Amino acid sequence: MSRAPGADQFVFPEGFLWGAATAAHQIEGSPMADGAGPSIWTRFAHTPGMMLNGDTGDVACDHYNRWRDDVKLMRKLGLKAYRFSVSWSRILPEGTGRVNQKGLDFYSNLVDELLANDIEPLLTLFHWDLPAALDDRGGWLNREIADWFAEYASVMYRALDGRVKKWVTHNEPWVVTDGGYLHGALAPGHRSKFEAPIASHNLMRAHGAAVKAYREIGKHEIGLVVNIEPKYAASDSAADQAAVRRAHAYMNEQYLHPALLGHYPPELKEIFGEAWPDWPAEDFELIKQPLDFVGINYYTRSVTKDATSYPLNTAVVRQPLGTYTETGWEVFPQGLTDLLLWFKQTYGDLPVYITENGAAFFDPPTADVDPVSGERRVRDPLRMDYLRKHLSAIHDAIQAGVDIRGYMLWSLMDNLEWSLGYSKRFGMIHVNYGTQERTPKDSALWYSQVIASHGRKL
Ligand SMILES: OC[C@@H]1[C@@H](O)[C@H](O)[C@@H](O)c2nc(CNc3ccccc3)cn21
């Protein structure tokens, strides 16, 4: 942390965008309301055994009905931006063709309410909830999905561009592929080393097709959001160094390289072997569309060693003196600075937003009530410490010359943590799932002051 004695601590660049993030399926509820079609997550959640405690997104945070009050809470906290996702199957219930106007109206009204409260919308087109109708047609395994996704994106561009000035194609193609097609822990629950590269590649083709469509329709900015994490060798052995190379290529370069450089890292052929196809050269012309920014989702690092595992032959080494979150992720803020410096060194000065950063620590199911004032309160010192340290790490990267434009805290509110259900709370706003009461946690009140002081009260 570098600052002159007595200088303002952590002064962030003018216009730095302070916000918070959510995703449609994790907060909205009412997945089939007003003519929406099912998504793969609606199906996955209603497939016995797929979700912890049998939790589903049928109600979630009931944001579909409570969105006005939620925007009021964002305003009260002084958020300058809000990153949310659109549920594709609300807009196109069959995934292509017929537009469901009521679905479009929901997001149009949300955007108008955000703008009326001086909150800038950042819209993610795809945050994992693929229309089930498209999964029935092969989903990310069908090369036609590039056209399906561009069609859906174009409907959104025509409806909202101008009110929405920052667009994201995909949230974390790595998780979609690794979770949904390789290991099967996430929807659609496939487990195939042959399908995973195909899904990955079609996700990136679809990304390129949507960006290309934006350049014909839109007038503002569009980018890609990736989850990346620094890989540190568990030892200086050649085997562990090679393991780091594989893990780094598989998570950190697999999507950024084709999107920004027009080719995959060579390690992927080594990792997937017979399961790695020879891709048509023209695919990379489609994928490598110029971007206005990249969103980086950062949570943790991995100390990595050589091991027997598929497909990487690596393992993550738990740090005996480390601090870990409820999701088993090590708290390692320095990794964010290291990662941002790597990004700049590898891909140049493309603007970056931290589009997700946060932590799940234990929070009670109901807020405390002050016996005197009757006010509700949720104390979350561990989360405040996590956030403070990561904002400091971002500031260090900015000081080192990385062009970081904003920070979207994950998450605005407690929500459905995918197949972990409601067991993990990432929100700075507590949600009582029994009553749907929202209570800003101490971290929200602190973040509100950080925003108001432009970082000085970090
Ligand atoms: O797990 C917390 C959030 C999740 O709620 C968001 O929807 C998603 O965008 C998100 N991505 C990560 C990054 N890492 C990750 C690693 C393995 C599995 C899932 C996510 C964390 N998170």
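Trainee: Which residue in E8 does Ala-233 stand opposite?

Mentor: This is a predicted model. Start with the strands: E6 covers residues 231-233, and E8 covers residues 302-306. They pair in the parallel sense over three bridges. In E8, the residue opposite Ala-233 is Thr-304.

Trainee: Which residue in E9 does Thr-304 stand opposite?

Mentor: E9 spans residues 314-316. E8 and E9 run antiparallel and are joined by three bridges. In E9, the residue opposite Thr-304 is Val-316.

Trainee: Which helix gives the most to the largest nonpolar core?

Mentor: That core has 150 residues. Among those with the most contacts inside it are Trp-88, Trp-140 and Phe-343. The top contribution is eleven residues, and it comes from residues 145-160, helix H7.

Trainee: Which residue is in contact with Trp-167 and, like Trp-167, has among the most contacts inside the core?

Mentor: Leave aside the neighbours of Trp-167 within four places in sequence. Its contacts then include Leu-123, Tyr-157, Leu-160, Tyr-214 and Phe-293, as well as Met-156. The list of residues with the most contacts inside the core also holds Trp-167 and Met-156. The residue asked for is Met-156.

Trainee: Where does pLDDT stay under 50?

Mentor: The mean pLDDT of the protein is 97, and 98% of its residues reach 70 or more. Where pLDDT is low, the predicted coordinates should not be read in detail. Take care, then, with the seven contacts beyond four places in sequence that the model has for one stretch. That stretch, with pLDDT under 50, is residues 1-6.

Trainee: What ipTM does the predictor give the complex?

Mentor: Two scores are given for the complex. The pTM is 0.97. The ipTM is 0.98.

Definitions and conventions: Residues are numbered from 1 along each chain as its sequence is written. This is a predicted model: local features need pLDDT of at least 70, side-chain atom pairs count only at pLDDT 80 or more; totals for chains, interfaces and linings use all residues. Side-chain values use heavy atoms; hydrogens and water are left out. Two strands pair if DSSP finds at least two bridges between them. Helices (H or I, at least four residues) and strands (E, at least two) are DSSP runs, numbered from the N terminus. A nonpolar core is a set of buried Ala, Val, Leu, Ile, Met, Phe, Trp, Tyr and Cys residues joined through side-chain atoms within 4.5 Å. Buried means under 20% relative accessible area, exposed over 50%, partly exposed in between (1.4 Å probe, protein chains only). Contact means heavy atoms within 4.5 Å. pLDDT is the predictor's confidence in each residue, from 0 to 100.
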